[in-house]
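Visitor: I'm new to this one. Could you walk me through how to read it?
Guide: Happy to; let's put it up and take it feature by feature.

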Amino acid sequence: MTDSTAPDGRNIRVSVCMATYRGAAFVEEQVSSILAELGPDDELVIVDDASPDETADVIAAIEDPRVRLVRATANRGYVRTFEEAVRLSRGDYIFLSDQDDVWIPGRVELMLGALAGSRVVASNFDMLGGGPRPWIRPLRSSDSRRHLANLAATLVGVRAYYGCAMAFRRDAAALFTPIPSYVRESHDLWLAICGNMAGSITHLDESTIHRRLHEENQTPAGWRSLRRIIAARIMLLRLMVEARRRTRNPA
């Protein structure tokens with residue numbers, strides 16, 4: 001079990017876990033918006049995935065003791081990098097964060113309120129600059145307890161689960177990690193599957209981040225081939241089986 005205390009004995013409340021890669025242009029703005037939401041007993045764990053640019057240097061120049069930067073020596077992809085950040089986290093509550101969004105004030109307290117009664121929380125997002133959202137409809141709080149429907153909608157691809165708008169309690173970390181080795185993308189859908197399979201996830205109607213879309217986004221975008229769509233659906237089915245196993249046989 002991860003120790004939830006800092007070296008000086010303080011109990012860590014919130015751990016924000018961020019994976020960075022070639023994010024020098026936007027990461028400082030994102031980190032500033034996160035730190036404004038955190039208290040003195042929180043932490044921001046950033047694992048840089050061997051960025052070839054100055055991303056890690058930009059982060060290292062931020063003088064705040066709550067920021068913990070780990071520089072990976074080899075690129076492993078964003079799923080493994082997020083997994084490493086979660087593994088290194090010490091907080092009672094774990095928030096996932098992309099490197100290029102901007103947090104909306106009040107995000108932490110709103111999501112902590114939801115986590116008082118659920119192991120996982122998923123919120124909505126707005127587009128930075130007010131642009132159009134992706135076509136998928138926003139999450140609705142009224143669907144929070146419709147776990148089988150949520151799983152079916154995740155399989156079809158019509159649930160707006162985005163890791164950058166999600167958080168979970170420490171007691172859900174054993175479900176989420178280790179992330180199955182065959183997962184190369186969609187760690188956020190894996191977290192949503194874990195929450196729904198455990199019967200403990202809350203959808204928030206509110207938006208908690210401003211999401212930035214640009215050419216360097218690590219999350220796959222655009223239309224996919226039929227072969228990739230089928231492969232993704234098979235992966236999701238495998239994840240549902242695995243989540244069911246973990247909820248029945250907790251570590």
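Guide: Let's begin with helices and strands: they are DSSP runs, H or I over at least four residues for a helix and E over at least two for a strand, numbered from the N terminus. Here, glycine 199 follows helix α7, and the phi of glycine 199 is positive, near 70°.

Visitor: Before we go on, what sort of model is this?
Guide: The model is predicted, so local features need pLDDT of at least 70 and side-chain atom pairs count only at pLDDT 80 or more, while totals for chains, interfaces and linings use all residues. Residues are numbered from 1 along each chain as its sequence is written, and side-chain values use heavy atoms, with hydrogens and water left out.

Visitor: How many helices and strands does the protein have?
Guide: Eight helices and eight strands. For overall shape, we use the radius of gyration, taken over C-alpha atoms, and a globule rule of 2.2 Å times the number of residues to the power 0.38. The protein comes out at 17 Å, close to the 18 Å that the rule gives for 251 residues, so it is as compact as a globular protein of that length. The C-alpha trace spans about 45 × 40 × 35 Å along its principal axes.

Visitor: What share of the residues counts as buried?
Guide: First the cut-offs: buried means under 20% relative accessible area, exposed means over 50%, and partly exposed is in between, using a 1.4 Å probe and protein chains only. By that reading, 53% of the 251 residues are buried.

Visitor: Which residues have the most contacts inside the largest nonpolar core?
Guide: The general idea is that nonpolar side chains tend to be buried together in soluble globular proteins. A nonpolar core is a set of buried Ala, Val, Leu, Ile, Met, Phe, Trp, Tyr and Cys residues joined through side-chain atoms within 4.5 Å. The largest one here has 69 residues, and those with the most contacts inside it are Val16, Val31, Leu38, Leu44, Phe95, Tyr161 and Phe168. Helix α7, residues 187-197, gives the most to this core, with seven residues.

Visitor: And what does phenylalanine 95 touch?
Guide: Contact means heavy atoms within 4.5 Å. Leaving out residues up to four places away in sequence, the partners of phenylalanine 95 include Val14, Val16, Trp103, Met111 and Met166. Chain-wide, among contacts between residues at least 6 apart in sequence, 78% join residues at least 24 apart.

Visitor: Back to α7: how many of its residues are buried?
Guide: Eleven of its eleven, so to speak a mostly covered helix. Among them are His187, Asp188, Trp190 and Asn196. Helix α3, residues 78-88, has ten of its eleven residues buried, so it is largely enclosed by the rest of the structure. The buried set in α3 includes Arg80, Glu83 and Glu84.

Visitor: Is aspartate 143 buried or exposed?
Guide: Buried, at 3% relative accessibility. Aspartate 143 sits in the loop between β6 (120-127) and α5 (147-156). Not counting residues up to four places away in sequence, aspartate 143 touches Arg137, Asn150, Arg159 and His203.

Visitor: What about the loop between β1 and α1, where glycine 23 is found?
Guide: That loop shows both cases. Glycine 23 is buried, with a relative accessible area of 4%, and apart from residues up to four places away in sequence it touches Asp53, Thr55 and Gln99. Alanine 25 is in the loop between β1 (14-20) and α1 (27-35) as well, but alanine 25 counts as exposed at 67% relative accessibility. The C-alpha atoms of alanine 25 and valine 58 are separated by 9.2 Å, with their positions 33 residues apart along the chain.

Visitor: Which backbone angles should I look at?
Guide: Try omega and phi. A cis peptide bond, with omega about -5°, joins threonine 177 and proline 178; proline 178 lies in the loop between α6 (173-176) and α7. Serine 186 is in the loop between α6 and α7 too, and has a positive phi of about 65° although it is not a glycine. Serine 186 counts as buried at 17% relative accessibility. Alanine 50, also not a glycine, has a positive phi of about 55°, and is partly exposed at 25% relative accessibility. Its place is the loop between β2 (43-48) and α2 (55-60).
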